[in-house]
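Let us walk through this structure step by step, beginning with its strands and ending with a loop.

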Amino acid sequence: MGDEPILKPFQPEDSFLRRVGKKRYLRDGGEVSFEAFRPRDGEASLSFTWQDESLRSEEGLDEYQRNNALRQSADLPGLCRLTFHDLTVSLSPPLPPRHDPDNADPRYGHLHCATDLPCDELHMEKMAKLATRNGLVRLFVRARRK
């Protein structure tokens, strides 16, 4: 991770991946539930991964999903996406992403970003609508079906 370049300022078209660890948060037809953006107890921010060039190909996304399999179940998380524009212009109040390197993740830690927490359920619902509009990146996959 120490050899990775420092991320440049974000552009409006930049995308940020959010891992979704529960199948019920991704509904039929690719609808993302607001619960995909609900912070866990004790979380001070929402985590995202900046979608660099390596995460724009189908192979790169497949590898990212496999490398982030859920620890206890080995299920593959679903992936949804919000753009910089979504987070800074479409949301009110905005949740601008900031670089927040994760030193515990040697593969993707240099791409880790965070936003402030959503204000309330309505704020999370708006995020879910934006993510649904952007299209589901990867479905949640149970380990026994891989």
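Two strands are said to pair if DSSP finds at least two bridges between them, and the elements themselves are DSSP runs numbered from the N terminus, with helices (H or I) of at least four residues and strands (E) of at least two. This is a predicted model, in which local features need pLDDT of at least 70 and side-chain atom pairs count only at pLDDT 80 or more, while totals for chains, interfaces and linings use all residues. Residues are numbered from 1 along each chain as its sequence is written, and side-chain values use heavy atoms, with hydrogens and water left out.

By that measure of pairing, β1 and β5 pair in the antiparallel sense over six bridges, and V20 stands opposite G78 in β5. This pair belongs to an open sheet of five strands, ordered β5-β1-β4-β7-β6 with antiparallel pairing, whose edge strands, β5 and β6 (98-99), each pair on one side only. Although β5 is an edge strand, five of its six residues are buried (under 20% relative accessible area, where over 50% is exposed and anything in between partly exposed, with a 1.4 Å probe and protein chains only), so β5 is largely enclosed by the rest of the structure.

Helices also meet this sheet. Taking contact as heavy atoms within 4.5 Å, and angles from 0 to 180 degrees between N-to-C directions of axes fitted to C-alpha atoms, for helices over the stretch in contact, α1 lies across β1, β4 and β5 and runs at about 120° to β5. Packing on the sheet as well, α3 touches β4 and β5, and its direction makes about 100° with that of β5.

A nonpolar core is a set of buried Ala, Val, Leu, Ile, Met, Phe, Trp, Tyr and Cys residues joined through side-chain atoms within 4.5 Å. The largest one here has 33 residues, of which F16, V32, F37, F48, L82 and M127 touch the most other members, and its largest share, five residues, comes from α3. Leaving aside residues up to four places away in sequence, L82 touches, among others, F16, F37, F48 and M127.

Finally, G29 lies in the loop between β2 (26-27) and β3 (31-32), and it counts as exposed because its relative accessibility is 87%.
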